[in-house]
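Visitor: Please take a close look at one part of this model, the salt bridges, and describe what is found there. Add a word on any unusual backbone angles afterwards.

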Amino acid sequence: MTFKKRLLAVAASMTLGGFVLALPFAAQAHRGWIAPTATVLSGDIWVSFDAAISNELFYADHNPMRLDGVVVTAPDGSVDKIQNALTAKYRSTFDVQLTKPGTYKIGTASANIMASWTENGAVKRFRGTPEDFAKQVPAGAADLKTIKSFNRNETFVTRDAPTTTVFKPTGKGLELIPVTHPNDLVSGEAATFKFLLDGKPAADLEVTFAPGSARYRATPDDFKVKTGEDGSFKVTFPEAGLYWMNAVARSGETGRRAGGEGGGPGGPGGAPGGPGMGDPGAGQQGPATPLAGDGTSASYTATLEALRP
C-alpha cells in the first residue's frame, strides 16, 4: 500500500468530528502466535522462533509471549527444552536444535479455571490453575460457578522425513489430528485435518485461517471453514506463506470477555493464559460480581506454512 493509500485508509476510518469508526476489515483482536524461521529442514540443524501477541500476524507490535510454558516435543515423544530464550519489549525469541529426524511440536498447553462464590455474604473471584483452585477455593463453596478452559498454541517443524508421533491425542481440550501432515502443505492443493474435543470428534466447529503479511494488503483475507460430523475439514491455502489457524469450542456461560476471537477465559487470540502468557494472577480474589453460570472453553491455535508447488 502506497503512502497516499495509507492516508486515505486512515481518513476513511474517521468522521468529521474525529471519531474513529470500527471498520469491519480493520478490526482485529490481538492474536498469539509462535512462528518458526523454517518448517522443513534437513540434517542436524537449529531453528529460531518468534513468539508474540500482536495486532498484525507475525509482526511483533504489541506484547511478547512469555516462554516459561513453551514445551518442545521431539519426534520420539520425549520432551526437549528451548534454548537461547530471550524476551524483549514486543516479542520473545528462542532456538530449538533438531537433533533427531522427524517432526517436532513446539508450543504451549494450559488449563485454567475462573470461579466465583459467596463467602460471608461477599462475592469472591478466582482465576488460576486447577491445582490452585483445589487449594484456594473452599470445598462446598456457596453459589460456586466455574468456567474451565484448556488452550493450546503450537507449531511444527520437520527434520528430514515427517513423522506423526507428536500428534498422539491426550484427550484434553481441542487437538489437531492431521490427515495431511502440517509440514506437507502446498499452496493451491487441498489439505485435510481433523479436530478432537476431549478425545471425541469436534463437529460443526468453525476454524479461522489468517495469512500473514496483512500489513502489505488492503484487506486481511481471513477465511473460515467448518468441521463435519467426524471433526474433519478440508482447506486450500490460496498462496504460499505462514498462516494462523484458530478454533474455539465453548459451552455454557463462557462469554467473550477475555479478548475476542480465540480468547476465551485462557487468554487473547488463542494464546494460553497462565504461564504461557502471563495470567493476570492465579488465586486472584476479592469483591466482584458473580459469574453468570458454569461453562467450558477450549481453544486451539497453530502457525502453519504452505509452500510453493
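**Salt bridges and two asparagines**

Guide: A search of the whole structure, which is a predicted model, finds nine salt bridges. Three of the pairs are described here, beginning with aspartate 222 and arginine 31.

The side chains of aspartate 222 and arginine 31 meet in a salt bridge, with a distance of 2.8 Å from N to O. This pair links distant parts of the chain, its two residues being 191 residues apart. Aspartate 222 sits in the loop between strand 15 (206–211) and strand 16 (223–226), whereas arginine 31 belongs to strand 1 (residues 31–36). The two partners can also be described by their accessibility. Arginine 31 has a relative accessible area of 5% and is therefore buried, the cut-off being under 20%. Aspartate 222, at 30% relative accessibility, counts as partly exposed.

Another salt bridge joins arginine 159 to aspartate 160, and here the closest N and O atoms are 3.2 Å apart. Arginine 159 counts as buried because its relative accessibility is 13%. Aspartate 160 counts as partly exposed, with a relative accessibility of 35%.

Aspartate 221 and arginine 217 form a further salt bridge, with 3.2 Å between the closest N and O atoms. On the arginine side, arginine 217 is at 18% relative accessibility, so this residue counts as buried. On the acidic side, aspartate 221 has a relative accessible area of 41% and is partly exposed.

Now to the backbone angles. Most residues other than glycine have a negative phi. Asparagine 84 is not a glycine, yet its phi is positive, at about 55°. This residue lies in strand 7, which covers residues 83–87. Asparagine 84 has a relative accessible area of 54%, so it is exposed, the cut-off being over 50%.

Asparagine 120 is likewise not a glycine and has a positive phi of about 55°. Its place is in the loop that runs between strand 9 (102–119) and strand 10 (122–128). With a relative accessibility of 80%, asparagine 120 counts as exposed.

To return to the salt bridges, the arginines described are arginine 31, which is buried, arginine 159, which counts as buried, and arginine 217, which counts as buried. Their partners are aspartate 222, which counts as partly exposed, aspartate 160, which counts as partly exposed, and aspartate 221, which is partly exposed.

Methods:
Residues are numbered from 1 along each chain as its sequence is written. This is a predicted model: local features need pLDDT of at least 70, side-chain atom pairs count only at pLDDT 80 or more; totals for chains, interfaces and linings use all residues. Side-chain values use heavy atoms; hydrogens and water are left out. Helices (H or I, at least four residues) and strands (E, at least two) are DSSP runs, numbered from the N terminus. Buried means under 20% relative accessible area, exposed over 50%, partly exposed in between (1.4 Å probe, protein chains only). A salt bridge is a side-chain nitrogen of Lys or Arg within 4 Å of a carboxyl oxygen of Asp or Glu.
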